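Subject: Structure for your files

Hello,

Here is the structure I said I would pass on. My notes on what turned up in it follow below.

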Amino acid sequence: MKATTPAAGTTGRPTEQDWAAAVDAVRSGLRPGARVLLVCHVNPDGDALGSMLGFAQGLRRLGVTSLQCTFPGPLTVPEPLHMPAMDLLIPESEADPAPDLLVTFDAASESRLGALVDRLETATVSLVLDHHASNTGFGKVSLVDPFAAATSVVAAELLRRLDVPLDRDMAECLYIALVTDTGSFKFDLTTPEVHELAARLVATGIDVGAISRRIFDSRPFGAVRLFGEVMGRAQLEPASAGGRGLVYAVATLADLAKHDQPPYVLEALIDSVRCVAEADVALLLKQVAPTEWAVSMRSKGGADVSLIAVAMGGGGHRLAAGFTGHGNAEEIIDAVRDRLAAQS
Ligand code: AMP
Ligand code: MN
Ligand code: MN
């Protein structure tokens, strides 16, 4: 992980100049024969995939014919996140080594692009679309709006400025991105603009009920039992986080194996942990290798968990952030507890 402090310039909203530069960058990819590569962050979530695939369809409408979408790591998309235009996805090994235009989605730092990070150098023009306040400012041309609820809000506005009309498949991708990053329009950045965008997307005829059921309200029985087991071991520390309370849970590879579940089912588990009323901060450790953990943190407002995530080599938002932890679970929990105490 490169920078450890949020770069200046990610604290404000994009200016008209920033939007104009982004429009120019995209237009450079509209020349006949131009090769365009879109990349979203590793282990993509709904916003990463949805903003990328929604934007990709917009570029197709604008006449781009040589168009690739990818992300670092194995080319697998969890079933709940299946969406239109996935035929555009190619394995990272097939990604153009030197595209005319590169656009990144929802990546707050270069490390989130894995081995594809070299395209920032080899691409003729590169554009970063993001909404993390912790964005390290790695893009030459970038639209980073820390007040946007999702990267798809930024992507949709850029498509609007490019005069791309929304269609149903494009809207489904952008909606999935919006609905996942806002927690179904419940989180703090759910502004009137978010609802206005949602209205434009829903007006294309997408099936919001089916999308919500698939993403939020459907999981295998084994995953339900797994959640119960992990939550049964959750610990509450009312005195931690400066007396505002910390709750944490740990899901191991053994838990996954016991219930025969793939790792992605755990993405939803933080929502159960963060419900605990007695705690401002919720912490979930998901084991990915014997001494490696995907760590999710949530705050109700008392703590800024993005500062802790960035200090631990990750990133995110004030109220939702994460990092990759190394060592045993207790060591990682101790480190987070200490940093929370230092913050309060
Ligand atoms: P999650 O807890 O995985 O839902 O992620 C919450 C937020 O933290 C998202 O905005 C992610 O982009 C960010 N995040 C999670 N894990 C990492 C990581 N390893 N590095 C950087 N940012 C992360
Ligand atoms: Mn994301
Ligand atoms: Mn996002």
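I start with the manganese ion (ligand 3), whose protein donors are D47 (OD), D106 (OD), H131 (NE2) and D181 (OD), at 2.1 to 2.3 Å. Please keep in mind that this is a predicted model. Along the sequence these donor residues follow the spacing D-x58-D-x24-H-x49-D. Distant parts of the chain are linked here by D47, in helix α2, and H131, in the loop between β4 and β5, which are 84 residues apart. D47 and H131 are both buried.

The other manganese ion (ligand 2) takes its protein donors from H41 (NE2), D45 (OD), D45 (OD) and D106 (OD), at 2.0 to 2.8 Å. The donor residues are spaced H-x3-D-x60-D in sequence. D45 sits in the loop between β1 (35-40) and α2 (46-61), and D106 in the loop between β3 (101-105) and α3 (119-122), so this pair ties together parts that lie 61 residues apart in sequence. D106 is buried, at a relative accessible area of 2%. D45 has 29% relative accessibility and counts as partly exposed, because the buried class is kept for values under 20% and the exposed class for values over 50%.

Which residue connects the two sites? D106 bridges the manganese ion (ligand 2) and the manganese ion (ligand 3), and the two ions are 3.8 Å apart.

Next, the strands. β4 (residues 125-130) is largely enclosed by the rest of the structure, because five of its six residues are buried. β4 pairs with β3 in the parallel sense over five bridges, and L101 has V125 in β4 as its bridge partner. β4 also pairs with β5 (residues 141-144), again in the parallel sense, over four bridges. In that pairing D130 stands opposite V144 of β5. The loop between β4 and β5 is the one that holds H131, a donor to the manganese ion (ligand 3).

Last, helix α4 (residues 151-161). How many of its 11 residues are buried? Eight are, and the helix is mostly covered. The buried residues are T151, S152, V154, A155, A156, E157, L158 and L159. Just after α4, D163 adopts a positive phi of about 60°.

Regards

Notes. Residues are numbered from 1 along each chain as its sequence is written. Chains are lettered from A and ligands numbered from 1 in the order in which they are written. This is a predicted model: local features need pLDDT of at least 70, side-chain atom pairs count only at pLDDT 80 or more; totals for chains, interfaces and linings use all residues. Side-chain values use heavy atoms; hydrogens and water are left out. Donors are N, O and S atoms within 2.8 Å of the metal (3.2 Å for Na, K and Ca); water is not among the atoms, so sites may look incomplete. Helices (H or I, at least four residues) and strands (E, at least two) are DSSP runs, numbered from the N terminus. Buried means under 20% relative accessible area, exposed over 50%, partly exposed in between (1.4 Å probe, protein chains only). Two strands pair if DSSP finds at least two bridges between them.
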